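Reader: Please take a close look at one part of this structure, the place where two of its chains meet, and then set that part in its surroundings.

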Amino acid sequence: MNKNLKEQVLRSSGVNVLKCMRCGKCSGTCPSYDEMEYHPHQFVYMVERGDIETLMNSKSIYKCLTCFACVDRCPRNVEPAKVVEAVRLAAVRQQGNNHMNPNQIPDMLDDDMPQQAIVTAFRKYIK
Amino acid sequence: MQEAMINRAKQLLADGTVNRVIGWKRGEFAYDITPAVFQSAEELDADFVFDDFTSANVSKYLVKESKKEGKILAFLKPCDTYSFNQLTKEHRVVRENVYIIGIPGGPKLDAEKIKAKGITGILGVKNENYTLKIDTIYGEETMPFYEAVLDKCASCKSKKHVVFDELIGEDGDVLESNRFEMVEKLENMTAQERYDFWRDQFSKCIRCNACRNVCPACTCEKCVFDNPNSGVENKAPADSFEENMFHIIRAFHVAGRCTDCGECSRVCPQNIPLHLLNRKFIKDINSLYGEYQAGEDTTSRAPLNDYKQDDCEASIVHERGVE
Amino acid sequence: MQVNENKEFQPLIVAFCCNWCSYAGADLSGTNRLNYPSNVKIIRVPCSCRVNPMFILRAFQKGADGVILCGCHPGDCHYTSGNYFTRRRMTLLFSMLDFLGIERDRTRVEWVSAAEGAKFAATMNEFTEAVKKLGPNRRLEDLRCRKQ
Amino acid sequence: MQRIGVFVCHCGTNIAATVDVKSVAEALGHEPGVVISQDYQYMCSESGQNLVKNAIKEHNLTGVVVCSCSPRMHENTFRKAAASAGLNPYLVEIANIREQCSWIHKDIASATEKAIILGKAAVAKVHLNAPLTAGESPVAKRALVIGGGIAGIQTALDIAEAGFEVDIVEKNPTIGGKMAQIDKTFPTLDCAACILTPKMVEASQNEKITIHSFSEVTDVKGFVGNFTVTIKKKARFVDETKCTGCGLCTEKCPMKKVPNEFNMGLDNRTAIYIPFAQAVPKVATIDPNHCMMLQKGKCGICSSVCSVGAIDYKQEDRFIEQKYGAIVVATGFNPINLDKYDEFAYNQCPDVVTSLELERLMNAAGPNGGTLLRPSDKTHPHKIVFVQCVGSRCDDSKGKPYCSKICCMYTAKHAMLIREKYPDTEVYVFYIDVRTPGKNFDEFYRRAVEQYNVHYIKGMVGKVTPRSDGKIDVQASDLLANEQLHIDADMVVLAAAIEPDKTARPLATMLTTQMDTNDFFTEAHPKLRPVESATAGIFLSGACQGPKDIPETVAQASAAAAKAIGLLVKNSITCNPCVAHSDELMCNGCSSCEKVCPYGAITYEDKEFRMPDRTTAIRRVASVNPAVCQGCGACTVACPSGAMDLNGFSNSQIMAEVDAICK
């Protein structure tokens, strides 16, 4: 467990992960659920455990649409999307680890891909 | 006016309506007019005075006088009637034992202001078209009438008599006054400036208790400052704190009861503008809890003995005005 | 309170708490081990309306740097209406102190219910800090009571 | 000369760990008037109390200061100890060095210093304490129960059983409350009506019990043993004494489209109505908002069909005033409004229902005569999803912060009943935790899972979407399978959080009792006085104090009754001696104190006084009725002369404390 990373994520997200009562409503509500290796509730729990690197290395951080359904519906105001964003920021901030090259994007487009996903993908690419 | 008052007083004494009269008589000097009780027509003829210097509010004397045997005649100026009403509301005077004749109010004159012009040896005054002709032992002097008017009269709030049995002269109206001007000016100062202002003023206090003794709202059987058990007993201020304390507590005790008669400042030998403390409370009460004029009637609840569920919080003090 | 060159100014805070709400709230912050500075000394009164302005002046006279008055929330007074009177009295008193140039942050009224232990502690922390910033009470002190 | 004893408690390590109790005792020993200063492990223990008692006798003490926990905790303990040793109990003062010192400070030096200062303040105060003797005040032998649900009924029955008159005030046309709406009860599955309605009848037939249905409390004055309550009997436009409850008017009433509250609006009733068959009192009520006669002055059918002439369109609200010795609050609960939980589509889809609505849907007297049908198309549902914790256990901004306590069990009950009656129905329960503490409760839940095959899924429903084909898409997480599920359900049942009734807050203000931030009534002590409010003579029964199931409610109702009976059997109660008193020599008679007294305890009389100048004068002076005064002290500040003072918290005592603290 990397303590500094955990603190960084907690600080940049401003989320108190200890407020989570593990009801899983965030994951119940998440439209990207099936795309994600780790699901919103797991983000919150793994950040609590300090298991940040696993999350940073998972593609899941780029699957979040930041639609904020989880933030809206979390009964305890934990705001999981902000945790995902903070983990993603931690990854983005590392030099040279861009998950995506802009040249790859045209190939990835298909009819099923929601537009929001493309927009967020671009945003996440640019530091 | 003086003639008419003496004549009516004599009638009322003669027909037994009253057995004495509270009015004023001359003191050492022409401008030194003090309240006095008259028992007979002869005394009235000899000493009764009502002139431009007759400013003292006699209503406080009625606390004791109205409890004596028989009815007393009191001449009350408009501002005095507010004091009397307030005392009635607080059961301090017995209304039935007082026969009230409402008489016209000021503006009354402030001898100190005349003296300040270098005019001394005053024997009498005459108002001629708002020029004050002053007869002195050194001959006649003149000055603009309004420059000699008492501060409390210059900001008169009402010419209306709120209680009387009969009137001599006309009744007037409640006036629009500028009486809160100085309070506002102080409110707009910084805290340090306000502090310095009041320190200058209170440090002059010699605790003569004139303000307390003249105040028609200060009628306690025993004042807390004279009571060794009150915890604030204090005969003479030893330091700045005690100077402040006396005036804060006094103003607080009369808050919501003070009719703004202005007697406290008039009698202060050190010219401390004590009425500003009372006016600050009146202004606050008016703006925070709705217009209230103590003494206007005998039934309404005093603002400090009343409340509304949606009154403002004390934090309003922190949120407004100049720090 | 003393000010040493190498020691931070420690204000003395007197807190009047009504027996039913705020004193219980203070107890609750103790039960929950919620810290607030030891500068705060509590005096129990049956109701906030028992607090006479004279007590507040007395506290300043004897060396308090801040006085806070805590009572039940408006509408919750154990005696129905006590805190409503408190509210008017203290509003006017504090306004007067302000009018005389006394720092307005030295006085405060706060409503703390028996359930608000956390609010009590937070209020006391905040108030102590505010008074600390003002420094020692000099404008309403009795020089004879100043500590060396 | 005062002889004061100081006793410093360690409270085990509660105090001693952060406060150097030895030096506190040592320092206070040097205070003026202190003749003995000791510390001890547990001052409140019997041996600790004996220490105090012996010291009182041995040193002939005139005052006692105990430095210990909050006076709210043990002031009475030490007062009693002092009294048993012959010292007036009001000569004891407590310095609170636990809750307000050792528990909140960490630094031993500053905590010890503060403890000494608090001790000094108590010593300074006790110097000025006067021995006080408590007066007595009579107790009205009648109780008022506010709320006629199972809690109120049980309390009233118990009090009546003990031989006292009881009045029940119920705001609805019938008593019975929420339990009357419930179909079956857990964990025994007996029918709620079968066990409740006999109690309702018993209450109505008990000659000691008066039921004021369709009534509200509008004013409460007075104090323990001596409350004067104003009850508003709302106009029901039917003479209660004449109506036989035959129900003919309800059959003939042409206005048949009024949503039926008793069935949660799932069907309709008439404008003149009897809420349900077993209503008590079984009397019709006209709903003025829907009655054509009262709205437009045309109709009058009910009046013409009523054979006893009970209909009275001119009836008005009546107010009655009654004296009570004790008041029991039993105002109960309601499910919360679900408008803000869009994700569950409660407002969009009639087949998404609350659990209380499901109770009515399943009840034989309900809208479908006991057959479970979907409200939308009256078809039999084959797949039902239950969602737990809707609005419970939430952050304050999202709902109620507390667990509603009863939902886990009633959901298990619903699931079980449905599976029992309709074995072809699949039932899913989404839960966060299943909370089943209670006798036979967990066994009950296990039966739902093991015997009835209810699918319990750990996870929460994220979104409910009504589809055009009539099905409802339920999107949820299954946390254990780490999967997101989609269930095409026919019905969704929401376990809505429960909250105190809206009438509770204004009632609390009238009663001057306290509530917590959720509007539940606060008990006098969370463990030791759970059925009393902090206001003497006001007791708490049922869910108005916190979420409760029926057995708990009944238990608390009987406990509240026992406490009320304990008060009513007394002929008089000892008054608080810490009351105001006026110094006649200083009183101005100005009436300021009278104006601020909330109890009307102050009266005036003209008295003759000998003045200092040897004359006599009649003066108007105030006097305080010690039985009525509750000791708030408002008058002491309103009094400009300081004539009014308060026993136990006198001007000089408080100033002595201020001085000691600021010294």
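Author: The part chosen here is the contact between chain C and chain D, which takes 50 residues from chain C and 47 residues from chain D. The model is a predicted one. Chain C and chain D bury about 4300 Å² between them, and carbon and sulfur atoms carry 58% of that area.

On the polar side, the count between chain C and chain D is four salt bridges. One of the pairs that form a salt bridge is D:Arg505 with C:Asp76, whose closest N and O atoms are 3.3 Å apart. There are also 15 residue pairs in polar contact between chain C and chain D, with both residues at pLDDT 80 or more. On the side of chain C that touches chain D, the elements giving two or more residues are the strands β1 (13-18) and β2 (40-45) and the helices α1 (22-31), α2 (53-62) and α3 of chain C. The largest share comes from α1(C), with seven residues. By residue type, this side of chain C divides into 28 nonpolar, twelve polar and ten charged residues.

Next, the nonpolar cores. The largest nonpolar core has 146 residues, and the members that touch the most others are C:Phe16, C:Ile56 and D:Ile159. Helix α3 (residues 82-99) of chain C gives this core its largest share, eight residues. Leaving aside neighbours within four places in sequence, D:Ile159 is in contact with D:Ala143, D:Phe164, D:Val166, D:Val328, D:Ala561, D:Ala564, D:Ile565 and D:Leu568. Another core, of 49 residues, lies apart from the largest one and has B:Phe48, B:Phe53, B:Val98 and B:Met143 among its members.

As for chain D as a whole, it has 18 helices and 36 strands. Of its 663 residues, 59% count as buried. Among the contacts in chain D with a separation of 6 or more, 68% are between residues 24 or more positions apart.

Chain D also meets chain B, where 18 residues of chain B are in contact with 17 residues of chain D. The area buried there is about 1500 Å², with 56% of it from carbon and sulfur atoms. B:His91, B:Glu221 and B:Asn305 supply 34% of what chain B buries against chain D, more than any other three residues. The count between chain B and chain D is one salt bridge; B:Glu221 and D:Arg619 meet in a salt bridge through their side chains, at 3.6 Å from N to O. Seven residue pairs are in polar contact across this interface. The side of chain B that touches chain D has four nonpolar, seven polar and seven charged residues.

How values were computed:
Residues are numbered from 1 along each chain as its sequence is written. Chains are lettered from A and ligands numbered from 1 in the order in which they are written. This is a predicted model: local features need pLDDT of at least 70, side-chain atom pairs count only at pLDDT 80 or more; totals for chains, interfaces and linings use all residues. Side-chain values use heavy atoms; hydrogens and water are left out. Contact means heavy atoms within 4.5 Å. Buried area is the accessible area (1.4 Å probe) that two parts lose on being put together, summed over both. A polar contact is a pair of N or O atoms within 3.5 Å; within protein, one must be able to donate a hydrogen and the other to accept it, and residues adjacent in sequence count only if both atoms are side-chain atoms. Ala, Val, Leu, Ile, Met, Phe, Trp, Tyr, Cys and Pro count as nonpolar, Asp, Glu, Lys and Arg as charged, and the others, Gly among them, as polar. A nonpolar core is a set of buried Ala, Val, Leu, Ile, Met, Phe, Trp, Tyr and Cys residues joined through side-chain atoms within 4.5 Å. Buried means under 20% relative accessible area, exposed over 50%, partly exposed in between (1.4 Å probe, protein chains only). Helices (H or I, at least four residues) and strands (E, at least two) are DSSP runs, numbered from the N terminus.
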